[in-house]
Amino acid sequence: MGSHRATASLMVCAGAALAAVSLAAPAYAAPARSGRDRVAVIDCTGNARVKPGNFILACGDGNNVLTSLHWSQWRSRAALGEGTDLVNDCRPYCAAGHFHGYPVRVRFDTPQRRTGHTGQWRYTRVTLIYPANRPSGTPRVVTLPLWTGPTSAPGPSGPTGR
């Protein structure tokens, strides 16, 4: 029984090590040469994520979230995907507002070394392209700086800058 626990523990540690290695990015911003050469996007809690299915754009209040993301490309220079942008209309105010979904094309780009994480890179910018409907007052193409982690000042809270 003890050997099964030791084996299970070893497998969990090996899996964690493999996951950590897969998040390591190249030491240069060139096109990926293998599956290991990946740049991550940093979520609101400071975690590096590769090909997330959902991504919060408004870290302060959660009033703008990319959902149902499907990635056609995730490379060291840029990531391209499609999904839904859920935006709170904040009417009459955000706590009483309603979320509306808009089809969106997403591009993460402008990779930079991740401060405090040797060998890791992160995307620093997001571009949203609305092929059809979009939030009121929002241009068809919006480019914003990305959240870089809990120690950084957050960027705009969403496409409309609310």
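A residue is called buried when its relative accessible area is under 20%, exposed when that area is over 50%, and partly exposed in between. These terms recur throughout the following account of a predicted model.

The confidence of the prediction deserves attention at the outset. The protein chain has an average pLDDT of 77, and 68% of its residues score at least 70. Two stretches fall well outside that group. Over residues 1-37 the pLDDT stays under 50, and the model has 35 contacts beyond four places in sequence for this stretch. Over residues 152-158 the pLDDT likewise stays under 50, with 12 contacts beyond four places in sequence. Where pLDDT is low, the predicted coordinates should not be read in detail.

The description may now turn to the sheet. An open sheet is formed by 6 strands, arranged in the order 3-4-5-6-7-8 with antiparallel pairing. Strand 3 (55-56) and strand 8 (141-145) each have a single partner strand and stand at the edges, so one side of each is left without a neighbour in the sheet. Strands of a sheet pair through backbone hydrogen bonds, either parallel or antiparallel.

The pairings can be followed from the edge at strand 3. Strand 3 is joined by 2 bridges to strand 4 (residues 64-74), and the two run antiparallel. Within this pairing, Ile56 stands opposite Val65 of strand 4. Strand 4 in turn pairs with strand 5 (residues 78-88) in the antiparallel sense, over 8 bridges. Here Val65 appears again, standing opposite Leu86 in strand 5. Strand 4 and strand 5 form a hairpin, with 3 residues between them. The next step across the sheet is from strand 5 to strand 6, which run antiparallel and are joined by 11 bridges. In this pairing Leu80 stands opposite Arg107 of strand 6.

Aromatic side chains provide further links between the strands. The whole structure contains 6 aromatic pairs. One of them is formed by Phe55 and Phe108, whose ring centres are 5.4 Å apart and whose planes meet at 70 degrees, so the pair is edge-to-face. Phe55 belongs to strand 3 and Phe108 to strand 6 (residues 99-113), so this pair ties together parts that are 53 residues apart in sequence. Both Phe55 and Phe108 are buried. Phe108 also pairs with Tyr123: the ring centres are 6.1 Å apart and the planes are at 25 degrees, so this pair is stacked. It links distant parts of the chain, with Phe108 in strand 6 and Tyr123 in strand 7 (residues 121-129), 15 residues apart. Tyr123, like Phe108, is buried. Ring pairs join Phe55, Trp71, Trp74, Phe108 and Tyr123 into a cluster.

Covalent links between cysteines add another layer to the picture. The model has 2 disulfides, and they follow the pattern 1-2, 3-4 when bonded cysteines are counted along the chain. One joins Cys44 to Cys59, with an S to S distance of 2.0 Å. The torsion about its S-S bond is about -85 degrees, so the disulfide of Cys44 and Cys59 is left-handed. This pair links distant parts of the chain: Cys44 lies in the loop between strand 1 (41-42) and strand 2 (48-49), and Cys59 in the loop between strand 3 and strand 4, 15 residues apart. Cys44 has a relative accessible area of 22%, so it is partly exposed. Cys59, at 25%, is partly exposed.

The other disulfide joins Cys90 to Cys94, with an S to S distance of 1.9 Å. The link of Cys90 and Cys94 is right-handed, with 95 degrees about the S-S bond. Its two ends are placed in separate classes of accessibility: Cys90 has a relative accessible area of 13% and is therefore buried, whereas Cys94, at 31%, counts as partly exposed.

Both cysteines of this link are also met from the side of Asn63, a residue in the loop between strand 3 and strand 4. Asn63 has a relative accessible area of 12%, so it is buried. Its side chain makes a polar contact with the side chain of Asp61 at 3.0 Å, and another with the side chain of Asn88 at 2.8 Å. With neighbours within four places in sequence left aside, Asn63 is in contact with Ala58, Leu86, Val87, Asn88, Cys90, Cys94 and Phe99.

Terms used
Residues numbered from 1 in each chain as written. Predicted model: local features only at pLDDT ≥ 70, side-chain atom pairs only at ≥ 80, totals over all residues. Heavy atoms only, no water. Pairing = 2+ DSSP bridges. Helix = DSSP H or I, 4+ residues; strand = E, 2+ residues; numbered from the N terminus. Disulfide = S-S within 2.5 Å. Buried < 20%, exposed > 50% of the residue type's maximum accessible area, 1.4 Å probe, protein only. pLDDT = per-residue confidence, 0-100. Contact = heavy atoms within 4.5 Å. Phe/Tyr/Trp six-rings, centres within 6.5 Å; stacked < 30°, edge-to-face > 60°. Polar contact = N/O pair within 3.5 Å; in protein donor to acceptor, adjacent residues only side chain to side chain.
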